[in-house]
Amino acid sequence: MKIVVIGGGAIGASCFYHLVERGAADVMLVEQAGLASGSTGRSAAVVETQYLDRDRIALCAWSMRLFQRLEREHGLPFVHHGYLRLGHTAEDVLRFQRSVLIQREHGVTDAVALDPDEAARRFPMLRLDDVSGALFGPSDGHVDPVRYCELLVERGRAGGGQVLVGRRVARLHLAGGRVAGVDVDDERIACDAVVNAAGAWARRIGAMAGLGVPVDGYRRQLVVFEPPEPLRRPLPMVVDYTPGVEREGLYFRDDTARRLVAGLHWEIHGDWERPDDPEAFRTDPDWDYVARVAEPPAGGPASTRSRQTRSPLSVPRQCRDSTTPSGVAASGSSSHPLWGRSWRTS
Ligand SMILES: Cc1cc2nc3c(=O)[nH]c(=O)nc-3n(C[C@H](O)[C@H](O)[C@H](O)COP(=O)(O)OP(=O)(O)OC[C@H]3O[C@@H](n4cnc5c(N)ncnc54)[C@H](O)[C@@H]3O)c2cc1C
């Protein structure tokens, strides 16, 4: 049985690797640009298990074991600065405590729920006076997303899989209601199945088979800041956001001692910045967004109103990427956000 995996991002590379590892005899990965050239290579690349619902925790715990194995056995760059999710209500605290128990069931034993005093003691560089509690995963962190894809693809190739990079699936051929082949550029390749791991392009791939795949790309952005003073490290990924809350939240993590990456996360999508054509994503800097990250609007949560006026987020240097056809089909994600959180550098 021949299987063609379409897309060389985190999801396609993982499907490719796991299919080969589990004994599929004839697997081919096709990537139109470069490995990790879509959302994957433009992400914050944070890997963590600090979710609040059982299914996502189970999925992330499983993934974490893969990242750890790749780090241990193949040297995947994995910076373990931790992941700190902040809460603002008594309900958040209960959800954090429940998350710790569920994580333990799934083999993650070092996650802890922190009360405000303990959080402030552990993270003196953060201003945490308005939190009700925090959820902290000390062994979480960020990986090199390009190397991650390369490693999976190398392992899959070593196991007998084939890889075509810089080649585009232009058409699917069907016979009797089933996939019978793909056109890679203008070369016809017979196959018995395809995996649609094309991220923001997944809808387009589905349409080639007459299927409606409900995946759309939305613009997401990361902003790179250079604080005036070196950061006190290790600074964990800080996320001022709890899933299911209808507001946007800030997230940030250190990149180097002089660089911070930050962005906003929200769950409710509008129709803005949703082009029909994933190629049409804007990639120019969006200075309104930079300003929203750096200077939260008045009337936000308490931390916004009471925050110190001087924030390291006030030194934008560049707006990395912008674009990002982010999508999920055979799809992924893992992680994700602090309004007006300021931190001390000394
Ligand atoms: C700003 C930002 C920050 C993020 N931060 C995080 C984070 O910290 N942690 C986290 O887990 N997730 C994060 N995400 C989400 C994460 O990046 C995505 O969920 C993940 O990368 C999706 O992977 P993918 O393989 O589905 O898509 P992609 O990486 O977009 O890969 C799809 C690939 O398919 C290829 N393709 C499309 N059409 C064809 C075709 N016809 N033929 C051949 N190839 C084709 C594309 O070229 C592309 O390389 C972030 C996303 C963004 C945008």
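**Close-up 1. Asp-185 in the loop between strand 11 and strand 12.** In this predicted model, Asp-185 sits in the loop that links strand 11 (178-184) with strand 12 (187-190). Take a look at its backbone: phi is near 55°, a positive value in a residue that is not glycine. Is Asp-185 buried or exposed? Neither label quite fits, because 13 C-beta neighbours lie inside 10 Å and Asp-185 therefore counts as partly exposed.

**Close-up 2. Ala-36 in the loop between strand 2 and helix 2.** Here is another residue other than glycine with a positive phi, this time near 65°. Ala-36 belongs to the loop between strand 2 and helix 2. Its surroundings hold 25 other C-beta atoms within 10 Å; as 20 or more are needed for a residue to be called buried, Ala-36 is buried.

**Close-up 3. The cis peptide bond before Pro-234.** Follow the chain from Arg-233 to Pro-234 and you will find a cis peptide bond, with omega near 0°. Pro-234 is placed in the loop between strand 14 (222-225) and strand 15 (237-239).

**Close-up 4. Helix 1 and its neighbours.** How far apart are the end C-alpha atoms of helix 1? They are 16 Å apart, which agrees with the 16 Å that its 12 residues (10-21) should span at 1.5 Å a residue. The helix is mostly covered, with 10 of its 12 residues buried; among them are Gly-12, Phe-16, Tyr-17 and Val-20. These buried residues pack against strand 1 (2-6), strand 2 (26-31), helix 2 (39-42), helix 6 (145-158) and strand 13 (193-196). After the helix comes Gly-23, with a positive phi near 100°.

**Close-up 5. The largest nonpolar core.** Nonpolar side chains tend to be buried together in soluble globular proteins. The largest such core here has 82 residues, and the members that touch the most others are Val-5, Ile-6, Phe-16, Leu-84 and Ala-262. Helix 1 supplies the largest share of this core, 8 residues. Where does the core lie with respect to domain 1 and domain 2? It lies between them, because domain 1 (2-40 + 146-208) and domain 2 (80-141 + 218-320) both give residues to it.

**Close-up 6. The contacts of Ile-6.** Leaving aside residues up to four places away in sequence, Ile-6 touches Gly-12, Val-30, Val-169, Val-194, Val-195, Asn-196, Ala-197, Ala-198 and Ile-205. One of these partners, Gly-12, is also among the buried residues of helix 1.

Note on methods:
Residues numbered from 1 in each chain as written. Predicted model: local features only at pLDDT ≥ 70, side-chain atom pairs only at ≥ 80, totals over all residues. Helix = DSSP H or I, 4+ residues; strand = E, 2+ residues; numbered from the N terminus. Expected span 1.5 Å × (residues − 1). Contact = placed C-beta atoms within 7 Å. Core = buried A, V, L, I, M, F, W, Y, C linked by C-beta atoms within 7 Å. Domains from an automatic or database assignment.
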